Amino acid sequence: MKIFQVALGILAAIGGFVDIGDLVFNVSAGATFGYQLLWVVVIGVVGIVVYSEMCGRVAAVSGKAVFDAVRERVGFKAGLAALISAQVVNLMTLTAEVGGVAICLQLLSGLPYRWLIVIAGIALLVVVWVTAFEWIERIFGYGGLCLLVFAVAAVKLHPEWGAVGHGFVPHVSTESPLLYAYFAVGLLGAAMTPYEVYFYSSGGVEERWGPKDLGLNRVNAMIGYGLGGFLSFALMITGGALFLERGIEPEFLGSITLGAEVPLGQVGLLLALVGILFAVGGAAIDTLFSGAYNLAQFLGWEWGRYRHPRGAPRFTVTWFVLLVLALGLVMTGVDPVQLTEYAVIFSAVALPLTYIPIFLVANDRTYMREYTNGRLANVLGLFYLVVIMIVAVTAIPLLILTNVGQN
Amino acid sequence: VSRLVAALGVLALVLSGCNGGTVDKHALKRDAEKVSSLASEGGLLADDVSAGRSTKYFVRVHAQELSRAASDLQDALGKRPTSLGTTADVRSLSRLAGKVSRELEQLHLHPTNRTVARSLEQPLKEDVDAADKLAK
């Protein structure tokens, strides 16, 4: 029974791994550089496994989620800086995800976009309000599994498998090195999206993980995120095989679904649209809660998605306000795909602000007792600290120099 | 730190949003690639419609998105100042973007009509070639 539950959780994690940032950056990277950047996805996926395993372990042993630990470990001022940057990126991501839901609904129904923004907002509100959380996770996770259609599409597009294999070998492009670096940063930012980790560690605290659950934490992080990365490979291969040769720059969510439509027809198109709808909808809910978790944990409010709204009123008001703000922003006509690019790049900039405190706490015996980082966790943790710092420092210059990946 | 992040963010938004300056050779190449991309994607879509591989709503919505993007490029290229020696090519690209936009509009208006879709495949291919020529 336990194995069955773990399997269900893993399936949900695979389906829930991809969000609008992964969709945009993986397909665009494929369309621009073919399979050359596949190795970056591997680094990003291992990075999110390392980061989330640490956060899950901190949650299980100390009972503290990310922003609880951040405020306690680095103090109010530095913690506040981390909170503000996290919340700004969170709101940008949430706005992009809600816009993505509306676009998917439009591609499926043909109804006007602005109506669908309102419908998407109401639907998210109702789902969050009336559905038990474990069901939300499952419904969106399993729905997101429809994205596996891109794996079939990738095979049906007959990519050059030798070139795909070569893409897993780390190398630097001599042609357009700045653009290559921009996509590398974007892919890392998309794979290591911080809201996923805030959400994951808060979930661990809510489900009352203890040291006995550390094995489950490791399995969830490694297999769930690891296999989720498989979808990223499929998206990039599809982008490379379909768009690169034809000189197509996929600028719309509709362009991404062509990757499934061209080789698989209507069935492929519908599965891709449904998969994106669930993946992006699930990510919208995760982001919504992450924003509320962060604020509530930092300010010491009652919080929890399993609590009745009256039991955690400020937490409930926070996610409600975030949803209304995101809907308002989408209504201004901002392009969700473009906003995603900014959100991913800014999340890469903000990543060290929460990664460093968690890394410190994971090595602090007063919090972690005998469960501090082992040698492997520290080697990987330090490696990713360097990677994250390089990414954070270079992200905005690259955004400017490449004109948001246009040049 | 948060102030620095915010300032960098605003700077990035301002700098990366600048798209209205003089069209020089580099910008011409870039915009020609965009027109080529839109025409090429339109060609894929038309091909799928003519083979019955797509759905009515998807074609209607996506063709309109592509058509609007081409139309925006037509407007921008028709109005923006040009650097010495590029004027004729820039205006020619503007007209080409307009043509691509009108062809994609046909797909938007007739999302299930295979005959219309088939009749658009060749012109869109020619648009890709013409845009690629201007990009060189």
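How many residue pairs are in polar contact across the interface of chain B and chain A? The rule finds eight, with both residues of each pair at pLDDT 80 or more. This is a predicted model. The briefing below covers the interface, then a patch on chain A.

**Size of the interface**
- Chain B brings 31 residues into contact with 36 residues of chain A.
- The size of an interface is often given as the accessible area lost when the parts come together.
- Here, chain B and chain A bury about 3000 Å² between them.
- Carbon and sulfur atoms account for 64% of that buried area.

**Charged and polar links**
- Between chain B and chain A, the count is one salt bridge.
- Glu249(A) and Arg30(B) form a salt bridge through their side chains, at 3.1 Å from N to O.
- Polar contacts join eight residue pairs across this interface.

**What chain B contributes**
- Three helices of chain B each give two or more residues to the side that touches chain A: helix 1 (2–17), helix 2 (25–50) and helix 3 (56–79).
- Helix 2 of chain B gives the most, with ten residues.
- By type, the residues on this side of chain B divide into 14 nonpolar, ten polar and seven charged.

**A nonpolar patch on chain A**
- A nonpolar patch of about 490 Å² lies on the surface of chain A.
- Its makers are Val118(A), Ile122(A), Val126(A), Trp129(A) and Val130(A).
- Trp129(A) sits in helix 6 of chain A, which covers residues 113–130.

Technical notes:
Residues numbered from 1 in each chain as written. Chains lettered and ligands numbered in written order. Predicted model: local features only at pLDDT ≥ 70, side-chain atom pairs only at ≥ 80, totals over all residues. Heavy atoms only, no water. Contact = heavy atoms within 4.5 Å. Buried area = accessible area lost by both parts, 1.4 Å probe. Salt bridge = Lys/Arg side-chain N within 4 Å of Asp/Glu carboxyl O. Polar contact = N/O pair within 3.5 Å; in protein donor to acceptor, adjacent residues only side chain to side chain. Helix = DSSP H or I, 4+ residues; strand = E, 2+ residues; numbered from the N terminus. Nonpolar A, V, L, I, M, F, W, Y, C, P; charged D, E, K, R; others polar. Patch = residues over 30% accessible without salt bridge, like charges linked within 9 Å, V, L, I, M, F, W, Y side chains within 5 Å. Areas by Shrake-Rupley, 256 points an atom, 1.4 Å probe, with all protein chains shown as cover.
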